[in-house]
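Me: I would like a close look at a single part of this model, the salt bridges, with enough of the surroundings to place them. Please take it step by step and define the terms as you go.

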Amino acid sequence: MGNLAITLNLLSIAVLAFAISVVFIAVISPFTLHRIAQFTFGIRKVILWSLVTAPWWIAISCVGFFWPRQQDIFPAAWLNEFAHWHHVDIFSFTSWHAVTLLSASAYLLWSVTRTVYIRRKQSSAMADLIGLSDIKLQHINGKQGYYSLPLPIPAAFTTGLLSPKIYVTAALKERVNEQELDIIIRHEMAHVEARDPMYKVVFATFAAFFPATATRELIKQFTLLTEQMADSAVTKEYHNLDVAQTLINVARMQRSVDSMHNNMGCEGLQTSYFGNDQTSVRVQSLISPVMSSSRLAMGFAIILFASAPLLTASTVDSLHHIIETFFTH
(Lines give C-alpha, C1' and ligand atoms only; values in the text may rest on other atoms or scores of the structure.)
Protein backbone atom coordinates (compact mmCIF):
# COMPACT_ATOMS: atom_id res chain seq x y z
CA MET A 1 0.00 0.00 0.00
CA GLY A 2 0.98 3.64 -0.27
CA ASN A 3 3.72 5.02 -2.49
CA LEU A 4 5.22 1.58 -3.20
CA ALA A 5 1.85 0.34 -4.44
CA ILE A 6 1.45 3.44 -6.61
CA THR A 7 4.90 2.85 -8.09
CA LEU A 8 4.18 -0.81 -8.89
CA ASN A 9 0.80 0.02 -10.43
CA LEU A 10 2.30 2.75 -12.59
CA LEU A 11 5.15 0.48 -13.66
CA SER A 12 2.57 -1.97 -14.98
CA ILE A 13 0.97 0.91 -16.89
CA ALA A 14 4.43 1.83 -18.20
CA VAL A 15 4.67 -1.68 -19.64
CA LEU A 16 1.36 -1.15 -21.46
CA ALA A 17 2.56 2.23 -22.73
CA PHE A 18 5.77 0.60 -23.92
CA ALA A 19 3.85 -2.11 -25.81
CA ILE A 20 1.46 0.40 -27.38
CA SER A 21 4.38 2.59 -28.48
CA VAL A 22 6.11 -0.40 -30.07
CA VAL A 23 2.97 -1.24 -32.04
CA PHE A 24 2.44 2.39 -33.05
CA ILE A 25 6.00 2.83 -34.34
CA ALA A 26 5.96 -0.55 -36.08
CA VAL A 27 2.80 0.50 -37.93
CA ILE A 28 3.97 3.97 -39.00
CA SER A 29 7.62 3.12 -39.75
CA PRO A 30 6.97 1.64 -43.25
CA PHE A 31 5.31 4.93 -44.23
CA THR A 32 7.79 7.30 -42.61
CA LEU A 33 11.31 5.84 -42.57
CA HIS A 34 11.81 5.96 -46.33
CA ARG A 35 11.00 9.70 -46.23
CA ILE A 36 13.76 10.70 -43.82
CA ALA A 37 16.12 11.11 -46.78
CA GLN A 38 14.54 14.59 -47.04
CA PHE A 39 16.41 15.58 -43.87
CA THR A 40 20.03 16.46 -43.26
CA PHE A 41 22.28 13.93 -41.53
CA GLY A 42 21.97 15.57 -38.11
CA ILE A 43 18.17 15.68 -38.20
CA ARG A 44 18.01 12.08 -39.45
CA LYS A 45 20.17 10.92 -36.56
CA VAL A 46 17.88 12.67 -34.04
CA ILE A 47 14.77 11.14 -35.67
CA LEU A 48 16.16 7.59 -35.73
CA TRP A 49 17.36 7.71 -32.13
CA SER A 50 14.04 9.25 -31.06
CA LEU A 51 12.09 6.49 -32.82
CA VAL A 52 14.14 3.59 -31.52
CA THR A 53 14.06 4.88 -27.93
CA ALA A 54 10.46 6.17 -28.11
CA PRO A 55 8.86 3.26 -26.18
CA TRP A 56 11.17 3.98 -23.24
CA TRP A 57 10.74 7.74 -22.98
CA ILE A 58 7.01 7.52 -23.73
CA ALA A 59 6.58 4.92 -20.97
CA ILE A 60 8.44 7.20 -18.54
CA SER A 61 6.32 10.16 -19.68
CA CYS A 62 3.12 8.18 -19.01
CA VAL A 63 4.27 7.34 -15.50
CA GLY A 64 4.85 11.04 -14.79
CA PHE A 65 1.58 11.95 -16.49
CA PHE A 66 -0.51 9.48 -14.47
CA TRP A 67 1.26 9.99 -11.14
CA PRO A 68 -1.59 10.96 -8.79
CA ARG A 69 0.48 13.44 -6.79
CA GLN A 70 1.15 15.63 -9.85
CA GLN A 71 -2.38 17.06 -9.66
CA ASP A 72 -1.23 18.97 -6.55
CA ILE A 73 1.37 20.68 -8.72
CA PHE A 74 -0.71 21.05 -11.90
CA PRO A 75 -4.36 21.02 -10.81
CA ALA A 76 -6.72 20.35 -13.71
CA ALA A 77 -10.20 18.86 -13.67
CA TRP A 78 -9.87 17.49 -17.20
CA LEU A 79 -6.80 15.51 -16.14
CA ASN A 80 -8.74 13.75 -13.41
CA GLU A 81 -11.44 12.85 -15.93
CA PHE A 82 -8.84 11.71 -18.45
CA ALA A 83 -7.07 9.34 -16.07
CA HIS A 84 -9.61 8.14 -13.51
CA TRP A 85 -7.84 5.58 -11.34
CA HIS A 86 -9.35 3.12 -8.90
CA HIS A 87 -7.35 2.11 -5.83
CA VAL A 88 -4.06 3.32 -7.29
CA ASP A 89 -2.48 3.18 -3.81
CA ILE A 90 -3.24 -0.54 -3.42
CA PHE A 91 -1.26 -3.21 -5.28
CA SER A 92 -2.31 -6.85 -5.32
CA PHE A 93 0.24 -9.52 -6.27
CA THR A 94 -2.60 -11.63 -7.68
CA SER A 95 -3.83 -8.90 -10.04
CA TRP A 96 -3.18 -8.45 -13.76
CA HIS A 97 -0.81 -5.61 -12.84
CA ALA A 98 1.46 -8.11 -11.12
CA VAL A 99 1.26 -10.55 -14.03
CA THR A 100 2.13 -7.72 -16.43
CA LEU A 101 5.16 -6.68 -14.37
CA LEU A 102 6.37 -10.27 -13.99
CA SER A 103 6.01 -10.97 -17.71
CA ALA A 104 7.79 -7.74 -18.65
CA SER A 105 10.64 -8.46 -16.22
CA ALA A 106 11.07 -11.96 -17.62
CA TYR A 107 11.08 -10.65 -21.20
CA LEU A 108 13.57 -7.90 -20.36
CA LEU A 109 15.89 -10.42 -18.67
CA TRP A 110 15.63 -12.77 -21.65
CA SER A 111 16.27 -9.94 -24.12
CA VAL A 112 19.35 -8.67 -22.26
CA THR A 113 20.73 -12.21 -21.89
CA ARG A 114 20.17 -12.93 -25.59
CA THR A 115 21.80 -9.65 -26.63
CA VAL A 116 24.86 -10.27 -24.46
CA TYR A 117 25.16 -13.83 -25.80
CA ILE A 118 24.96 -12.69 -29.45
CA ARG A 119 27.49 -9.90 -28.92
CA ARG A 120 29.93 -12.23 -27.16
CA LYS A 121 29.55 -14.78 -29.95
CA GLN A 122 30.22 -12.14 -32.59
CA SER A 123 33.20 -10.76 -30.69
CA SER A 124 34.61 -14.25 -30.28
CA ALA A 125 34.20 -14.98 -34.00
CA MET A 126 35.94 -11.74 -34.92
CA ALA A 127 38.72 -12.37 -32.39
CA ASP A 128 39.26 -15.87 -33.82
CA LEU A 129 39.46 -14.48 -37.35
CA ILE A 130 42.00 -11.85 -36.36
CA GLY A 131 43.90 -14.22 -34.08
CA LEU A 132 44.37 -16.83 -36.82
CA SER A 133 45.50 -14.21 -39.35
CA ASP A 134 48.94 -12.70 -39.71
CA ILE A 135 47.81 -9.10 -39.31
CA LYS A 136 50.20 -6.23 -39.84
CA LEU A 137 49.84 -2.59 -38.88
CA GLN A 138 50.07 -0.40 -41.99
CA HIS A 139 50.01 3.36 -42.54
CA ILE A 140 48.94 5.48 -45.47
CA ASN A 141 50.18 9.04 -45.91
CA GLY A 142 52.08 8.56 -42.66
CA LYS A 143 48.93 9.12 -40.55
CA GLN A 144 45.98 6.80 -40.97
CA GLY A 145 46.74 3.42 -39.45
CA TYR A 146 45.02 0.17 -40.38
CA TYR A 147 45.61 -3.56 -40.10
CA SER A 148 46.18 -5.71 -43.16
CA LEU A 149 44.39 -9.08 -43.19
CA PRO A 150 45.68 -11.82 -45.54
CA LEU A 151 42.22 -12.81 -46.80
CA PRO A 152 41.25 -13.58 -50.42
CA ILE A 153 38.00 -11.55 -50.28
CA PRO A 154 38.12 -7.79 -50.92
CA ALA A 155 36.80 -5.99 -47.85
CA ALA A 156 37.50 -3.08 -45.53
CA PHE A 157 35.78 -2.71 -42.18
CA THR A 158 35.97 -1.15 -38.74
CA THR A 159 35.28 -3.24 -35.66
CA GLY A 160 35.63 -2.90 -31.90
CA LEU A 161 33.41 -1.25 -29.31
CA LEU A 162 35.71 0.72 -27.03
CA SER A 163 38.82 0.70 -29.23
CA PRO A 164 37.66 0.35 -32.84
CA LYS A 165 40.28 -0.65 -35.41
CA ILE A 166 40.39 -0.61 -39.19
CA TYR A 167 41.04 -3.78 -41.19
CA VAL A 168 41.70 -4.04 -44.92
CA THR A 169 42.11 -7.38 -46.66
CA ALA A 170 45.04 -8.10 -48.94
CA ALA A 171 42.66 -8.86 -51.80
CA LEU A 172 41.22 -5.34 -51.64
CA LYS A 173 44.63 -3.66 -51.44
CA GLU A 174 45.76 -5.49 -54.55
CA ARG A 175 42.77 -4.27 -56.59
CA VAL A 176 42.68 -0.56 -55.71
CA ASN A 177 45.07 2.27 -56.46
CA GLU A 178 46.65 4.57 -53.88
CA GLN A 179 43.92 7.22 -54.08
CA GLU A 180 41.12 4.67 -53.71
CA LEU A 181 42.90 3.09 -50.74
CA ASP A 182 43.24 6.49 -49.09
CA ILE A 183 39.52 7.18 -49.63
CA ILE A 184 38.64 3.80 -48.11
CA ILE A 185 40.87 4.35 -45.08
CA ARG A 186 39.53 7.87 -44.51
CA HIS A 187 35.98 6.48 -44.70
CA GLU A 188 36.80 3.87 -42.07
CA MET A 189 38.60 6.45 -39.96
CA ALA A 190 35.37 8.46 -39.90
CA HIS A 191 33.67 5.38 -38.41
CA VAL A 192 36.42 5.18 -35.76
CA GLU A 193 36.11 8.85 -34.81
CA ALA A 194 32.31 8.60 -34.62
CA ARG A 195 32.50 5.28 -32.69
CA ASP A 196 29.94 3.85 -35.10
CA PRO A 197 30.48 0.16 -34.20
CA MET A 198 29.58 0.86 -30.56
CA TYR A 199 26.57 3.02 -31.41
CA LYS A 200 25.32 0.43 -33.90
CA VAL A 201 25.29 -2.16 -31.11
CA VAL A 202 23.40 0.20 -28.78
CA PHE A 203 20.94 1.11 -31.53
CA ALA A 204 20.40 -2.55 -32.46
CA THR A 205 19.78 -3.38 -28.78
CA PHE A 206 16.97 -0.81 -28.58
CA ALA A 207 15.62 -1.90 -31.98
CA ALA A 208 15.42 -5.53 -30.83
CA PHE A 209 12.28 -4.71 -28.81
CA PHE A 210 10.32 -4.07 -32.02
CA PRO A 211 8.80 -6.67 -34.38
CA ALA A 212 11.35 -8.24 -36.73
CA THR A 213 10.30 -6.22 -39.79
CA ALA A 214 10.52 -2.88 -37.96
CA THR A 215 13.82 -3.92 -36.35
CA ARG A 216 15.39 -4.66 -39.73
CA GLU A 217 14.17 -1.37 -41.22
CA LEU A 218 15.38 0.72 -38.28
CA ILE A 219 18.82 -0.92 -38.32
CA LYS A 220 18.96 -0.61 -42.11
CA GLN A 221 18.26 3.13 -41.96
CA PHE A 222 20.76 3.71 -39.14
CA THR A 223 23.45 1.72 -40.95
CA LEU A 224 22.81 3.70 -44.13
CA LEU A 225 23.07 6.96 -42.19
CA THR A 226 26.43 6.03 -40.62
CA GLU A 227 27.80 5.03 -44.02
CA GLN A 228 26.59 8.23 -45.68
CA MET A 229 28.08 10.35 -42.89
CA ALA A 230 31.41 8.54 -43.30
CA ASP A 231 31.22 9.08 -47.08
CA SER A 232 30.55 12.77 -46.49
CA ALA A 233 33.54 13.05 -44.15
CA VAL A 234 35.83 11.87 -46.97
CA THR A 235 34.54 14.61 -49.30
CA LYS A 236 36.44 17.13 -47.19
CA GLU A 237 39.61 15.82 -48.85
CA TYR A 238 38.32 14.39 -52.14
CA HIS A 239 35.70 15.37 -54.70
CA ASN A 240 32.28 13.75 -54.24
CA LEU A 241 32.55 12.01 -57.61
CA ASP A 242 35.90 10.43 -56.68
CA VAL A 243 34.37 9.02 -53.51
CA ALA A 244 31.31 7.79 -55.42
CA GLN A 245 33.48 6.10 -58.07
CA THR A 246 35.56 4.36 -55.41
CA LEU A 247 32.39 3.17 -53.74
CA ILE A 248 31.12 1.73 -57.02
CA ASN A 249 34.45 0.05 -57.79
CA VAL A 250 34.66 -1.62 -54.38
CA ALA A 251 30.99 -2.68 -54.49
CA ARG A 252 31.68 -4.48 -57.77
CA MET A 253 34.44 -6.45 -56.08
CA GLN A 254 32.29 -7.48 -53.17
CA ARG A 255 29.83 -9.79 -54.88
CA SER A 256 30.78 -12.56 -52.46
CA VAL A 257 31.20 -10.40 -49.35
CA ASP A 258 27.95 -11.66 -47.77
CA SER A 259 29.42 -15.12 -47.38
CA MET A 260 32.37 -13.62 -45.53
CA HIS A 261 29.99 -11.80 -43.16
CA ASN A 262 28.30 -15.08 -42.29
CA ASN A 263 31.60 -16.85 -41.82
CA MET A 264 32.80 -14.10 -39.51
CA GLY A 265 29.52 -14.32 -37.56
CA CYS A 266 29.06 -10.57 -37.19
CA GLU A 267 26.36 -9.70 -39.73
CA GLY A 268 27.43 -6.07 -39.61
CA LEU A 269 26.00 -5.20 -36.19
CA GLN A 270 29.38 -4.58 -34.57
CA THR A 271 31.18 -3.80 -37.81
CA SER A 272 31.06 -1.01 -40.37
CA TYR A 273 31.89 -2.07 -43.93
CA PHE A 274 32.96 0.02 -46.90
CA GLY A 275 30.93 -0.54 -50.06
CA ASN A 276 28.47 -3.01 -48.65
CA ASP A 277 25.37 -1.07 -47.59
CA GLN A 278 22.91 0.38 -50.15
CA THR A 279 25.55 1.49 -52.61
CA SER A 280 23.16 3.15 -55.07
CA VAL A 281 21.57 5.30 -52.35
CA ARG A 282 24.96 6.35 -51.04
CA VAL A 283 26.20 7.24 -54.51
CA GLN A 284 23.06 9.32 -55.12
CA SER A 285 23.62 11.09 -51.81
CA LEU A 286 27.17 11.96 -52.86
CA ILE A 287 26.05 13.26 -56.24
CA SER A 288 23.05 15.24 -54.89
CA PRO A 289 23.58 15.86 -51.16
CA VAL A 290 20.72 17.21 -49.04
CA MET A 291 21.75 20.71 -47.97
CA SER A 292 18.65 21.57 -45.89
CA SER A 293 15.69 19.75 -44.40
CA SER A 294 12.15 20.02 -45.73
CA ARG A 295 10.21 22.44 -43.50
CA LEU A 296 6.95 20.57 -44.04
CA ALA A 297 8.56 17.27 -43.08
CA MET A 298 10.20 18.93 -40.07
CA GLY A 299 6.87 20.28 -38.88
CA PHE A 300 5.22 16.88 -39.27
CA ALA A 301 8.01 15.17 -37.32
CA ILE A 302 7.79 17.70 -34.46
CA ILE A 303 4.00 17.30 -34.20
CA LEU A 304 4.32 13.51 -34.27
CA PHE A 305 6.90 13.35 -31.49
CA ALA A 306 5.12 15.98 -29.38
CA SER A 307 1.75 14.21 -29.58
CA ALA A 308 3.02 10.63 -29.21
CA PRO A 309 3.09 10.61 -25.36
CA LEU A 310 -0.42 12.10 -25.09
CA LEU A 311 -1.86 9.69 -27.66
CA THR A 312 -0.22 6.77 -25.91
CA ALA A 313 -1.48 7.93 -22.51
CA SER A 314 -5.02 8.13 -23.86
CA THR A 315 -4.81 4.64 -25.32
CA VAL A 316 -3.22 3.23 -22.16
CA ASP A 317 -5.98 4.53 -19.89
CA SER A 318 -8.69 3.10 -22.17
CA LEU A 319 -6.89 -0.23 -22.44
CA HIS A 320 -6.37 -0.24 -18.68
CA HIS A 321 -10.09 -0.04 -17.99
CA ILE A 322 -10.94 -2.55 -20.71
CA ILE A 323 -8.58 -5.05 -19.07
CA GLU A 324 -10.14 -4.42 -15.68
CA THR A 325 -13.55 -5.41 -16.99
CA PHE A 326 -12.15 -8.94 -17.38
CA PHE A 327 -9.48 -9.16 -14.68
CA THR A 328 -9.18 -7.96 -11.12
CA HIS A 329 -7.20 -4.84 -10.35
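Reply: A salt bridge is taken here as a side-chain nitrogen of Lys or Arg within 4 Å of a carboxyl oxygen of Asp or Glu. Glu-227, Asp-231 and Arg-282 are linked in a network of such salt bridges, and the structure holds three salt bridges. The model is a predicted one, in which local features need pLDDT of at least 70 and side-chain atom pairs count only at pLDDT 80 or more, whereas totals for chains, interfaces and linings use all residues. Residues are numbered from 1 along each chain as its sequence is written, and side-chain values use heavy atoms, with hydrogens and water left out.

To begin with the network, the side chains of Arg-282 and Asp-231 meet at 2.8 Å, N to O. This pair links distant parts of the chain, since Arg-282 belongs to helix H12 and Asp-231 to helix H9, 51 residues apart; helices (H or I, at least four residues) and strands (E, at least two) are DSSP runs, numbered from the N terminus. Arg-282 also meets the side chain of Glu-227 in a salt bridge, here at 3.7 Å, N to O. That pair likewise joins distant parts of the chain, with Glu-227 in helix H9 (residues 212–234), Arg-282 in helix H12 (residues 279–287), and their positions 55 residues apart.

As for accessibility, buried means under 20% relative accessible area, exposed means over 50%, and partly exposed lies in between, with a 1.4 Å probe and protein chains only. Glu-227 has a relative accessible area of 0% and is therefore buried, and Arg-282 counts as buried because its relative accessibility is 1%. Asp-231 is buried as well, as is its partner Arg-282.

The remaining pair to describe is Asp-182 and Arg-186, whose side chains meet in a salt bridge at 3.0 Å, N to O. Because they are four residues apart in helix H7 (residues 178–194), about one helical turn separates them. Asp-182 has a relative accessible area of 2%, so it is buried, and Arg-186, at 19% relative accessibility, counts as buried too.

The helix that carries this pair also packs against a neighbour. Two packed helices are described by the angle between their axes and the distance between the axes. H7 and helix H8 (residues 196–207) pack at an angle of about 60°, with their axes 6 Å apart, where axes are lines fitted to C-alpha atoms, for helices over the stretch in contact, and angles run from 0 to 180 degrees between N-to-C directions. H7 is therefore oblique to H8, given that angles under 35 degrees count as roughly parallel, over 145 as roughly antiparallel, 65 to 115 as roughly perpendicular and the rest as oblique. Ala-190, His-191 and Ala-194 of H7 make the contact with Asp-196, Pro-197 and Tyr-199 of H8, contact meaning heavy atoms within 4.5 Å.

To set these pairs in the whole chain, there are 13 helices and five strands, and 47% of the 329 residues count as buried. Among the contacts in the chain with a separation of 6 or more, 73% are accounted for by residues 24 or more positions apart. Elsewhere in the model, Leu-108 lies in helix H5 and counts as partly exposed because its relative accessibility is 37%.
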